[in-house]
Amino acid sequence: MTKVHPTDPNTPVAVASTRQKIPSWLKLLSICPLIFVLVVIMARQPSHRRYNRTHITTIPKLQIDSLTASNFTLSSRPNQIFVNWNVKINLETKNSHGYLSFSNMTASIFYNVLQAGLTDVIPFDVVALNSTTHFDVNFSGSSVLITDSVINDINGRIAAQGTLTINVMFEAFIKKSYKGRWTDDFRLKMDCQDIKLYFGYSEKSRAQMLNPPHKCKYVGDDEVHAMPYLGF
């Protein structure tokens with residue numbers, strides 16, 4: 001008689017299995033809904049958000065290398081400030097493709113909230129590959145009518161401290177061109193605050209900016225196309 005040995009329950013039993021290969025067309029069909037959802041989401045985004053860095057304009061950097069005032073006159077009839085201004089500006093762009101067109105540019109000078117000068121700047125284009133542009137703004141101008149107290153305040157500061165603190169505002173409309181078409185545009189506003197003019201010369205009608213260069217701050221634009229450049 002043959003002795004039958006029971007199967008040991010602790011002994012693993014090999015189970016043969018077969019894996020069926022999923023066809024490639026079926027895999028592709030399974031991800032089609034995901035692709036469709038992504039396309040819909042991208043289509044709903046504003047066009048400037050879909051552009052990459054070849055289309056979006058990075059905020060330029062601007063600094064004033066020097067600023068001089070000559071023939072600085074405080075007139076009492078009428079009450080105005082009259083000055084010949086010379087401003088040397090350094091403009092740096094950080095775009096790697098296309099070129100930038102600067103137009104409708106103005107430079108204005110303020111003493112507190114008083115506008116002491118305003119002028120237009122000649123339009124120009126800048127090649128966008130890490131380009132640095134130097135340009136001068138020369139103009140003569142008169143302020144709006146001011147009161148006797150403002151004239152006395154300015155005279156007192158120059159006499160006591162030998163300096164006068166002013167602000168310069170630079171504004172421009174910028175358009176970016178890439179591969180023959182305009183891809184971005186915005187209004188640039190740069191504020192150059194707390195510039196000290198030194199009247200330390202024997203001729204008190206002439207002054208020069210202290211501690212150049214003076215870096216300017218980006219204060220906003222009329223659109224949301226631009227991407228702020230972090231760091232100066």
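**Cavities and core of a predicted model**

Student: Which residues line the second largest cavity?
Tutor: The model discussed here is predicted. In it, the second largest cavity has a volume of about 40 Å³. β1 (61-76), β2 and β7 each supply at least two residues of its lining. The full lining consists of Leu62, Ile64, Val87, Ile89, Ala107, Val168, Phe170 and Cys192.

Student: How do the residues of that lining divide into nonpolar, polar and charged?
Tutor: Cys counts as nonpolar, as do Ala, Val, Leu, Ile and Phe. The lining of the second largest cavity is made up of Leu62, Ile64, Val87, Ile89, Ala107, Val168, Phe170 and Cys192. The division is therefore eight nonpolar, no polar and no charged.

Student: Which strand gives the most to the lining of the largest cavity?
Tutor: The largest cavity has a volume of about 50 Å³. Its lining includes Ile81, Val83 and Trp85, and both β2 (79-92) and β7 (163-178) supply at least two residues of that lining. With three residues, the strand that gives the most is β2.

Student: How many residues does the largest nonpolar core have?
Tutor: Among the residues with the most contacts inside this core are Ile64 and Phe170, and both also line the second largest cavity. Trp85, likewise among those with the most contacts in the core, lines the largest cavity. The number of residues in the largest nonpolar core is 46.

Student: What charged residue is in contact with Phe102, leaving aside its neighbours within four places in sequence?
Tutor: Phe102 is in contact with residues including Pro60, Leu91, Thr93 and Phe173. Asp counts as charged, and the list of contacts of Phe102 includes Asp125.

Methods
Residues are numbered from 1 along each chain as its sequence is written. This is a predicted model: local features need pLDDT of at least 70, side-chain atom pairs count only at pLDDT 80 or more; totals for chains, interfaces and linings use all residues. Side-chain values use heavy atoms; hydrogens and water are left out. A nonpolar core is a set of buried Ala, Val, Leu, Ile, Met, Phe, Trp, Tyr and Cys residues joined through side-chain atoms within 4.5 Å. Buried means under 20% relative accessible area, exposed over 50%, partly exposed in between (1.4 Å probe, protein chains only). Contact means heavy atoms within 4.5 Å. On a 1 Å grid over the protein atoms alone, a cavity is a set of points where a 1.4 Å probe fits but cannot get out, and a pocket is an open set with protein on both sides within 12 Å along at least five of seven lines; lining residues have an atom within 4 Å of a point. Grid points are joined across faces, edges and corners, and a volume is the space filled by probe spheres set on the points. Helices (H or I, at least four residues) and strands (E, at least two) are DSSP runs, numbered from the N terminus.
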